[in-house]
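Good morning, everyone, and thank you for making the time. I would like to walk you through a structure that is new to most of this group, taking a few parts of it one after another.

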Amino acid sequence: MLESSFALFTGRLAKSLPLPMKNEESRPRIDLVVFIIHLTSELSFQSAEASLKYLDPGYFLGKVCFVVTNARNASVPAERLDAVRKLAASLHCPLLCAEDQTPDGVTNAAERLLTVLKVAAGLVPMATALYLSNLTRCTVPSDIEPAEL
Amino acid sequence: MERQSSVARTPLNSVLVQRRRRRSSSKNHRQSYRSCVGAASHLSYTPGLTTRRLTTSRRAPKSRTITEKVNPEQLSLLVRKEWQLSYVTPLCRFRHTRLKSYSRQLSAFLVADRQQGVAVEVEGPESSFKVSFCVVRGMAETDSDAETVLIQIHSKSWFAGQDEPQRLVWSGWLTCVNGSPDYLRSLPQDFVCLPLFCSSGAERLTSSVKSWFQRTFDCCFGPLEINSTNLQWLAALWTNCHPESNIQHLKLTWSLPVAPPLEVTCTVHPQDAWELWRSVREQPQEEKENGGGGGREEEGSVGIEEVTRFMKGLRSHFYRHFRLDLSAGGLKQVSTALGSAKHRGRIKISNSSYMSATLMLLTECALLKMPI
């Protein structure tokens with residue numbers, strides 16, 4: 001739970017989507033859906049991909065964010081990070097790299113997510129989630145995509 | 001509120017950190033390996049129009065009588081020993097003709113190191129080092145590959161007689177097997193590219209040899225890990241050799257990120273592994289025949305989808321029996337009767353017939369990991 005001067009943000013974790021039906025009435029409005037992908041495990045990426053199908057398309061207008069951890073790890077095959085980038089770029093969502101092994105890293109990641117969350121919740125005047133996502137969306141440089149000759 | 005730094009460092013003792021890659025400067029007229037092959041640096045944007053080409057298919061290794069090309073005595077020094085891998089940047093002004101003088105320089109360097117009190121005593125102060133450099137001809141696959149160089153350090157006690165045998169205390173070799181021809185041709189004249197360095201012996205001697213090389217040839221060494229994708233390639237390529245020479249077992253080790261860390265070793269009977277591999281390879285051929293069109297897949301080439309399907313088959317079999325999803329962890333070790341490979345960068349080749357395919361894969365890893 002993060003407190004700012006005038007609003008209270010609550011975060012909840014789920015292993016995969018769809019969320020269980022029984023809590024549906026009492027669930028508060030969801031402002032931001034963050035997919036946290038651990039690059040060291042293949043399963044993490046696959047379950048994130050599978051969960052995407054269950055998300056209402058309205059969320060993709062700026063209310064979805066991808067966070068990857070362990071991007072610097074030498075044991076991660078390069079293809080996995082590229083695959084996540086391509087996925088984030090195709091959905092027009094921002095991609096954040098986070099460091100989860102130190103408390104500093106976790107705090108930094110949380111602060112960056114908070115910035116995105118404030119806009120997605122409509123708390124920042126003159127900025128909407130869709131506008132911000134246009135500025136922060138992940139792009140894949142042309143040398144990663146296969147060239148069409 | 002004070003702005004915190006937005007970059008957090010990973011504690012180095014817990015994970016292996018990749019070297020940060022620099023942008024390839026446009027002032028370099030020499031092409032970086034990455035712009036030739038097209039593997040984009042994924043931490044910084046590489047300018048220029050290059051395509052990334054993952055190696056999606058490799059030639060399946062065939063039993064080659066490598067003894068025809070390589071001296072069997074030298075070959076026996078290379079097989080059946082576990083080597084620690086590193087990558088080396090191209091060596092400046094290395095001449096294959098000056099190996100004798102290099103041996104003398106290196107043994108003088110080792111003696112000087114020891115006199116400074118820095119070197120660890122392998123045998124005690126009474127022993128001397130005898131270094132020998134020699135060329136192992138025949139390992140190169142293409143014309144642009146440089147010849148492999150083998151370095152051996154023997155130690156002999158001062159007080160021993162002439163006929164007392166010298167003990168091999170350290171050996172290492174530099175090799176380049178089927179390196180990317182574009183990259184090799186783009187190197188300036190003075191440079192020799194031998195990107196794969198294998199060493200076996202005392203760690204202190206390894207670092208002394210590396211520092212001598214760095215001083216003499218202005219190169220850089222670095223650790224080479226074999227990531228899980230390449231371990232999967234090795235598992236599939238070795239299994240592919242089963243009909244020609246029995247692999248005896250296919251042993252795979254995964255490590256799962258639980259507390260305490262769990263290591264799962266799965267030993268597959270060779271016939272089962274072969275059956276699974278054959279069924280994975282037969283599928284696309286059937287589809288192509290049914291489709292009635294398209295080019296035939298080149299005989300003897302293995303694609304990355306086949307490797308992925310093979311590993312997925314093994315993992316789902318494990319899941320069916322043990323309810324444990326191995327894709328949550330990472331593949332750390334592969335071993336068969338033909339050789340074994342560990343994620344940390346250790347390789348052992350037990351059968352010389354399939355050596356070149358393994359070395360080709362490792363050379364490619366080394367070239368990709370090199371920072372220039």
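Let me begin with two helices in chain B, keeping in mind that what you see is a predicted model. Helix α7 of chain B, residues 228-240, packs against helix α9 of chain B, residues 304-322, at an angle of about 90 degrees, and their axes lie 10 Å apart. Since angles of 65 to 115 degrees count as roughly perpendicular, α7(B) and α9(B) are therefore described as roughly perpendicular to each other. On the α7(B) side the contact is made by B:Thr229, B:Gln232, B:Trp233, B:Ala235, B:Ala236 and B:Thr239, while α9(B) contributes B:Ile304, B:Val307, B:Phe310, B:Met311 and B:Arg315. Sorted by class, this contact has seven nonpolar, three polar and one charged residues.

Staying in chain B, let us turn to strand β8, residues 196-201, where five of the six residues are buried, so that the strand is largely enclosed by the rest of the structure. Which strands pair with β8(B)? Strand β2 of chain B, residues 82-88, does so in the antiparallel sense over four bridges, with B:Gln84 standing opposite B:Ser199. Strand β6 of chain B, residues 167-175, also runs antiparallel to β8(B) and is joined to it by six bridges, and here B:Gly172 has B:Ser199 as its bridge partner.

Finally, chain A, which has four helices and five strands, arranged along the sequence as β-β-β-α-β-α-β-α-α. Of its 149 residues, 44% count as buried, and its accessible surface comes to about 8,700 Å², of which 59% belongs to carbon and sulfur atoms.

Methods:
Residues numbered from 1 in each chain as written. Chains lettered and ligands numbered in written order. Predicted model: local features only at pLDDT ≥ 70, side-chain atom pairs only at ≥ 80, totals over all residues. Heavy atoms only, no water. Axes fitted to C-alpha atoms, helices over the stretch in contact; angles between N-to-C directions. Helix = DSSP H or I, 4+ residues; strand = E, 2+ residues; numbered from the N terminus. Parallel < 35°, antiparallel > 145°, perpendicular 65-115°, else oblique. Contact = heavy atoms within 4.5 Å. Nonpolar A, V, L, I, M, F, W, Y, C, P; charged D, E, K, R; others polar. Buried < 20%, exposed > 50% of the residue type's maximum accessible area, 1.4 Å probe, protein only. Areas by Shrake-Rupley, 256 points an atom, 1.4 Å probe, with all protein chains shown as cover. Pairing = 2+ DSSP bridges.
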